[in-house]
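Open the model in a viewer and keep the sequence panel beside it. The stops below are given in the order in which to select them.

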Amino acid sequence: MGSRMELASVCLAGDSAPYHRTAAFGDDIVVVAAYRTAICKAKRGGFKDTHPEDLLASVLKANSHTQAADCLLPMGITSENVAHRYGVTRQEQDQASVESHRRAAEATALGKFKDEIVPVHTKIIDPKTGEEKSVIISVDDGIRPDTSLSILAKLKPAFKKDGSTTAGNSSQVSDGAGGVLLMKRSLALQKGLPILGVFRSFVATGVDPAVMGIGPAVAIPAAVKAAGLEVNDIDLFEINEVAFASQYVYCCKKLELDPEKVNVNGGAIAFGHPLGATGARCVATLLHEMKRRGKDCKFGVVSMCIGTGMGAAAVFERGDCVDQLCNARKMQANKWNLLSKDVL
């Protein structure tokens, strides 16, 4: 087991020796890991008829700590918690949904997403006839340009009888894929690649799991500070509307953000939230909009909440206005010895 653990350490560090962390990093975290056998093969004993997922669930639930237990709350309940704790009304949530769809529809009609969407050739099966036909998917198909407050007001709460979170003010369940390419500026220039933006900083923060949606309100100021900036220096924000309008409305109000700077082309309530691809989608949308705005848009932020109580945010600078990293934090020479050789 010792050799396996050492090998895991080497693989995670990407180096020829285990990755050593010290208090100098200032960002130590606690990792909880739980494992189960791949499939219940023993066919005997007390677990012979137990499903693997039930076996692991018992381990994860064996915690009397309230906040740890809250990590298992359904996401819809955390949305209701945010609305209740911070006074976000049903009308505010519905209005945010209407605006998301309106902006997304307008941006689509203007062709703003053509440079960031790769058409996908695929097949679709008619559920009624079973007929298969080839299609090209080149636009987001979840946008509802005709939605309105009156239409959304008719929807029933989805998670609590007296709640305010509905199918209409939540992000859709969507499929999708996204990609980003990150490299040194010198290498990009050498290869003749266009530089859309400069990755200035990234911060992940922890929040109360019961209101995990407030993550961006904590992560954004931290990421902006790490980039040597102030929130007022940011020209555009892409805050993922995930998965509910309640958390999006709260974060915008808490940070006192100008609505004309946030999700200017719509958000996840209109586009959907393809798990695992949303971050790349937000970065693509942000950088292309910054490019369109030119000199009037120098800095942008991408942020989202994360289930179990986290928030993440990153700061980008428009690619053609880079200032030779003059606002980047300087690293002390001896700290380089603490990093994997892969980053040097």
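Residues 24 or more positions apart make up 71% of the contacts with a separation of 6 or more in the protein chain, a contact being heavy atoms within 4.5 Å. The model is predicted, so local features are given at pLDDT of at least 70 and side-chain atom pairs at pLDDT 80 or more, while totals for chains, interfaces and linings use all residues. Residues are numbered from 1 along each chain as its sequence is written, and side-chain values use heavy atoms, with hydrogens and water left out.

Colour by secondary structure to begin. The protein chain has 11 helices and six strands; these are DSSP runs numbered from the N terminus, helices being H or I of at least four residues and strands E of at least two. Of its 344 residues, 38% count as buried. Buried means under 20% relative accessible area, exposed over 50%, and partly exposed in between (1.4 Å probe, protein chains only). The accessible surface comes to about 21,100 Å², 57% of it belonging to carbon and sulfur atoms; the areas come from the Shrake-Rupley method with a 1.4 Å probe, and for residues only the protein chains shown count as cover.

**Glu241 and its surroundings**

Select Glu241, in the loop between strand S4 (236–239) and helix H9 (245–254). What is the nearest side chain of opposite charge to Glu241? It is Arg281, 7.0 Å away, and Glu241 is buried without a salt bridge. Lys and Arg count as positive and Asp and Glu as negative, with His and the chain ends not counted. A salt bridge requires a side-chain nitrogen of Lys or Arg within 4 Å of a carboxyl oxygen of Asp or Glu.

Now show the polar atoms around Glu241. Its side chain makes a polar contact with the side chain of Ser100 at 2.8 Å. A polar atom of the Glu241 side chain also lies 3.0 Å from the backbone nitrogen of Ile269. A polar contact is a pair of N or O atoms within 3.5 Å; within protein, one must be able to donate a hydrogen and the other to accept it, and residues adjacent in sequence count only if both atoms are side-chain atoms. Leaving out residues up to four places away in sequence, Glu241 touches ten residues' worth of neighbours including Ser171, Tyr248, Asn263 and Gly267. 

**Backbone geometry**

Step along the same loop to Ala243, between S4 and H9. The peptide bond joining Val242 and Ala243 is cis, with omega about -15°. Most residues other than glycine have a negative phi, and most peptide bonds are trans.

Next select Glu256 and Asn263. Glu256 is in the loop between H9 and H10, and Asn263 is placed in the loop between H9 and H10 as well. Glu256 has a positive phi of about 55° although it is not a glycine; for Asn263, also not a glycine, phi is positive at about 45°. Are these residues buried or exposed? Glu256 counts as exposed because its relative accessibility is 73%, whereas Asn263 is buried, at 2%.

**An aromatic pair**

The structure holds four aromatic pairs. Rings of Phe, Tyr and Trp (its six-membered ring) pair if their centres lie within 6.5 Å; planes under 30 degrees apart count as stacked, over 60 as edge-to-face and the rest as tilted. Select Phe113 and Phe271: their ring centres are 5.3 Å apart and their planes stand at 85°, so the pair is edge-to-face. The pair links distant parts of the chain, with Phe113 in the loop between helix H5 (90–109) and strand S1 (120–125) and Phe271 in helix H10 (residues 268–271), 158 residues apart. Both Phe113 and Phe271 are buried.

**Salt bridges**

There are 13 salt bridges in the count. Start with Glu92 and Lys253, whose side chains meet at 3.1 Å, N to O. Glu92 lies in helix H5 and Lys253 in helix H9, so this salt bridge ties together parts 161 residues apart in sequence. Glu92 is partly exposed at 27% relative accessible area, and Lys253 is partly exposed at 45%.

Stay on H5 for Glu106 and Arg102, which form a salt bridge at 3.4 Å, N to O. They are four residues apart in the helix and therefore separated by about one helical turn. Then go to Lys123, in a salt bridge with Glu132 whose closest N and O atoms are 3.4 Å apart. Salt bridges that share partners join Glu99, Arg102, Arg103, Glu106 and Glu260 into one network.

**Last stop: Ala210**

Finish at Ala210, in the loop between strand S3 (197–206) and helix H8 (215–226). Ala210 counts as buried because its relative accessibility is 7%. Apart from neighbours within four places in sequence, it is in contact with Asp70, Leu73, Thr78, Asn81 and Arg85. Measure C-alpha to C-alpha to Ala69: the two are 9.2 Å apart in space and 141 residues apart in sequence.
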